[in-house]
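Student: I'm new to this structure and would like a close look at one strand. Could you walk me through a single part and what lies beside it?

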Amino acid sequence: MDLVERRGAVGRRHPWEVARARFFLSLLESHGALDQASQWLDVGAGDGWLGSELRARLPERSPSSSSSSPSCSKVVCWDINYTADDLGGPRPGPGVELTDRRPDQRFDGALLLDVIEHVPDDEDFLGQVVELMSPGGWVLVSVPAHPLLFSTHDTALRHHRRYVPSQCARLIDRAGIDILVAGGVFHALMAVRGLQVARERLAPPEPSSTGVGQWEHGRTLTGALTSVLTAETRASAALARRGWGAPGLSWWALGTRRR
């Protein structure tokens, strides 16, 4: 959850947030990234929930460690918007650290999920993150797709832009990342957002701050929507494996730092 969307204690997670986490963690697992990388950086990590979900999937020891070595898998959640209460409070989970400063260690995996659209100079920022990666380290990027879908929702979340997938792919390549697989996700939500944008063009709404942090619906509806979105993301993964980049509300790319 983006910190700008946080509204007190979190009850049930938004179905989009849960389906998104399942999709990306499954993607990393299917490509062997969770077995190969034990030191992860979650950039723009928000409340750290996804970082804790990632840490729970990592092996207790890195592949090169001896059986007598202590647990060394770790996720560092880096978000410049953390408050003193965030940093001084309980961690989101074991093996998860929070920081509001650029880390000074090397990582062999990094998440940049819906992050670079918040940064004025996205190319420079992405390059700075890649500098923290070990050669061959895994990098997973996702962005809101299609500039025509830019709406008051993006404004409320302080997005500078939405991306044309081909342009974002070139940005990632220039940063020194070799893309292995890429595609769209949340295809049905793209149509929903398109209708919302069309309605805004006809009658501009009042500014709002809606987001996943304001989900207050019951268990039944939450479970049903989560199941529907999860099923759709599985179809997205199958399309990506076949090289079919069907357009979606978000676009993502998984790659490795160029050696």
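Tutor: Let's take strand β1 (residues 39–43), which is joined to strand β4 (residues 107–113) by three bridges, the two running parallel. Before going on, note that this is a predicted model, where local features need pLDDT of at least 70, side-chain atom pairs count only at pLDDT 80 or more, and totals for chains, interfaces and linings use all residues. Residues are numbered from 1 along each chain as its sequence is written, and side-chain values use heavy atoms, with hydrogens and water left out.

Strands here are DSSP runs of E with at least two residues, numbered from the N terminus, and two of them pair if DSSP finds at least two bridges between them. In the pairing with β4, L41 of β1 has A110 as its bridge partner. β1 also pairs with strand β2 (residues 74–78): five bridges join them, and they run parallel. There, D42 has C77 in β2 as its bridge partner.

Now for how covered β1 is. Five of its five residues are buried, so the strand is mostly covered; buried means under 20% relative accessible area, against over 50% for exposed and partly exposed in between, using a 1.4 Å probe and protein chains only.

Which way do the residues point? Q39, L41 and V43 go one way from β1, while W40 and D42 go the other, and all are buried. As background, side chains in a regular strand alternate between the two faces of the sheet.

Definitions and conventions:
Helices (H or I, at least four residues) and strands (E, at least two) are DSSP runs, numbered from the N terminus.
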